[in-house]
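I sat down with this one to look up a few things and jot them as I went. Here are my notebook entries, in the order I made them.

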Amino acid sequence: MSVKFNGKHLAKFIRPEEYDAIYPQVELAHRQLNDHSGPGNDFLGWMDLPHTYDKEEFARIKQAAEKIRSDSDVLLVAGIGGSYLGARAVVEACKGVYHNDIEDGVKIYFCGNTISPTYLNDIIRITKGKRFSINVISKSGTTTETALAFRVLRKLLEDSVGPEEANKRIYATTDRSKGTLKQLADAQGWPTFVVPDDVGGRYSVLTAVGLLPIACAGIDIDALMQGAADACDAYGVCSPDNDAYRYAMTRNILYRKGKLVETLACFEPDFAMMNEWYKQLFGESEGKDQKGLMPTSCIFSTDLHSMGQFLQDGSRTMFETYVDIKNTREDFYIEELEGNFDGLNFLANQNMSVVNRKAMEGTILAHTDGGVPLGVIEVDSLSAYDVGYLIYFFWKACAVSGYLLSVNPFDQPGVESYKKNMFALLGKPGYEDRKAELEAKLNG
Ligand SMILES: O=P(O)(O)OC[C@H]1O[C@H](O)[C@H](O)[C@@H](O)[C@@H]1O
């Protein structure tokens with residue numbers, strides 16, 4: 001098992017009987033997920049996905065990635081939320097945050113995830129004089145941020161290579177049959193990939209949504225899916241020892257004890273976008289009906305120099321979950337310095353990963369002593385296989401955690417409010433009444 005939940009540091013915060021007491025609710029959640037009888041049961045396509053995914057499309061994804069890698073210097077991936085975070089998270093976890101600067105071959109840039117004109121201009125600058133392709137990703141096919149960026153980038157591509165060649169360099173990942181993007185793709189003859197109906201955005205990284213950009217980065221998507229498939233089997237067993245369920249129970253028990261915030265922390269900067277992916281997964285799944293733990297994140301030891309004080313001594317509203325990556329992608333041997341001018345020879349003659357681990361162990365003990373409940377998710381490495389495994393671990397834990405909280409973990413009705421206001425304020429037809437009302441509030 002390449003992902004484990006280690007709760008040994010939680011012993012002074014949660015008694016074994018508390019797990020026993022909540023476990024029947026886990027059994028119920030397990031049953032509801034398996035027989036599709038719980039809330040949001042039309043969005044459970046992720047559950048068997050690592051086994052049942054469309055193999056024909058998977059092969060087309062690999063072919064498209066090969067083509068992009070051979071005919072493009074740059075791949076622009078336009079998408080937001082679930083159509084953005086997972087792909088970037090896996091690419092950076094497996095290849096590192098500086099993969100574009102270090103690796104030969106196609107550079108991958110993400111856009112359509114903001115309305116910042118500065119950001120878009122920078123993306124346009126990146127494409128100057130480069131051969132580029134676009135992967136536009138939107139399940140609904142109507143998301144404003146993505147559609148707006150895509151409108152600009154598509155024109156850029158058409159101006160650069162002509163409409164006919166542009167049509168061969170635009171890859172659309174969207175709904176099987178509906179939405180503006182699907183209609184456009186069919187009309188223009190762009191290669192299309194499908195976001196299955198029963199897979200929500202935040203559960204879509206192992207569909208074409210994530211797989212095409214991830215394959216373009218040269219990551220082994222077979223290994224990624226295999227990791228998820230093995231996790232699907234491991235966490236498919238209903239038992240108090242199921243680590244995904246243990247993590248879900250821990251979250252819920254701590255929430256009931258008044259903890260309102262979870263901080264996911266990792267001592268590896270390559271994990272920063274996985275943190276962001278986790279925030280969408282748990283934030284959109286659980287933050288509703290005026291309930292839920294607020295997911296936050298840190299990268300340590302970096303953030304120990306900013307958030308460390310609060311975590312050690314501040315208000316005791318949070319618990320921490322550390323992602324412990326057992327084997328780093330690379331190591332660095334620290335040599336002894338003659339004269340020991342910087343006083344750091346006590347660190348010498350060992351690998352830097354050992355120093356990082358001691359920092360983690362020291363932090364675990366300090367924060368636990370400071371009254372922060374702390375669990376550890378142990379991951380073998382950030383290989384494609386282990387990342388696939390970890391993704392499924394979080395999926396399963398999140399679904400059960402949502403059911404334990406008695407919410408529908410698979411919808412996100414609250415996200416619409418800002419959109420409606422934005423459309424009204426921008427004068428989108430159909431929003432006239434709301435526009436007047438909102439302007440009165442703003443100017444009042
Ligand atoms: O893929 P799309 O339809 O463009 O949606 C992208 C994202 O935007 C929405 O507002 C949702 O809150 C997210 O769950 C979703 O992942």
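**Entry 1: strand β9 and its partners**

I started with β9 and strand β12 (residues 374-381), which pair in the parallel sense over 7 bridges. I noted one pair by name: Thr321 has Gly375 in β12 as its bridge partner. I should write down early that this is a predicted model.

Next I looked at β7 (residues 261-266), which runs parallel to β9 and is joined to it by 6 bridges. Here I picked out Thr263, whose bridge partner in β9 is Glu320. As a reminder to myself, strands of a sheet pair through backbone hydrogen bonds, either parallel or antiparallel.

How many residues of β9 are buried? I found 7 of the 10 in this strand, residues 318-327, so I wrote it down as mostly covered.

**Entry 2: the open sheet**

I then traced an open sheet of 5 strands, and its order reads β3-β2-β4-β5-β6 with parallel pairing. Which strands sit at the edges? They are β3 (107-111) and β6 (192-194), each of which pairs on one side only. I also looked up the turn between neighbouring strands here, and on average it is 20°, ignoring direction.

Between β2 and β3 I counted 5 bridges in the parallel sense. Ala78 stands opposite Cys111 of β3.

What lies across these strands? I found helix α7 (residues 144-161) over β2, β3, β4 (132-138) and β5 (170-174). Helix α7 runs at about 160° to β4, and I call that roughly antiparallel because the angle is over 145 degrees.

**Entry 3: Val74**

I stayed with strand β2 (residues 74-78) to look at Val74, which lies in it. Buried or exposed? Val74 counts as partly exposed, because it has 19 C-beta neighbours inside 10 Å, and buried would take 20 or more.

I listed its contacts beyond four places in sequence: Val74 touches Val106, Lys107, Tyr109, Ile126, Thr127, Lys130 and Phe132. I also checked Val74 against Ile108, and their C-alpha atoms are 5.9 Å apart in space, with the two positions 34 residues apart in sequence.

**Entry 4: the shell around the ligand**

Which residues come nearest to the ligand? Of the 14 around it, I wrote down Gly81, Gly82, Ser140, Thr143 and Gly201. I then sorted the shell by type and got 2 nonpolar, 9 polar and 3 charged residues. Glycine goes with the polar group in that tally.

**Entry 5: two helices, α17 and α18**

Two packed helices are described by the angle between their axes and the distance between the axes. For helix α17 (residues 416-425) and helix α18 (residues 432-443), I have an angle of about 90° and axes 8 Å apart. I therefore noted α17 and α18 as roughly perpendicular to each other.

The contact uses Lys420, Asn421, Ala424 and Leu425 from α17, and Arg434, Lys435 and Leu438 from α18. By type, the residues of this contact are 3 nonpolar, 1 polar and 3 charged.

**Entry 6: backbone oddities**

Most residues other than glycine have a negative phi, and most peptide bonds are trans. I went looking for exceptions and kept these.

The peptide bond from Phe300 to Ser301 is cis, with omega near 5°. Ser301 belongs to the loop between β8 (294-299) and α14 (308-313).

Asp289 is not a glycine, yet its phi is positive, near 55°. I placed Asp289 in the loop between α13 (272-286) and β8. Asp289 is exposed, because 11 other C-beta atoms lie within 10 Å and the cut-off for exposed is 12 or fewer.

Ser406 also carries a positive phi, about 60°, without being a glycine. I found Ser406 in the loop between α16 (384-404) and α17. With 10 other C-beta atoms within 10 Å, Ser406 is exposed.

**Entry 7: Asp54**

Last, I looked up Asp54, in the loop between α2 (49-52) and α3 (55-71). Asp54 counts as partly exposed, because it has 15 C-beta neighbours inside 10 Å. I checked Asp54 against Val194, which is 140 residues away along the chain, and their C-alpha atoms are separated by 9.6 Å.

Note on methods. Residues numbered from 1 in each chain as written. Predicted model: local features only at pLDDT ≥ 70, side-chain atom pairs only at ≥ 80, totals over all residues. Near = placed C-beta within 6 Å. Helix = DSSP H or I, 4+ residues; strand = E, 2+ residues; numbered from the N terminus. Pairing = 2+ DSSP bridges. Axes fitted to C-alpha atoms, helices over the stretch in contact; angles between N-to-C directions. Parallel < 35°, antiparallel > 145°, perpendicular 65-115°, else oblique. Contact = placed C-beta atoms within 7 Å.
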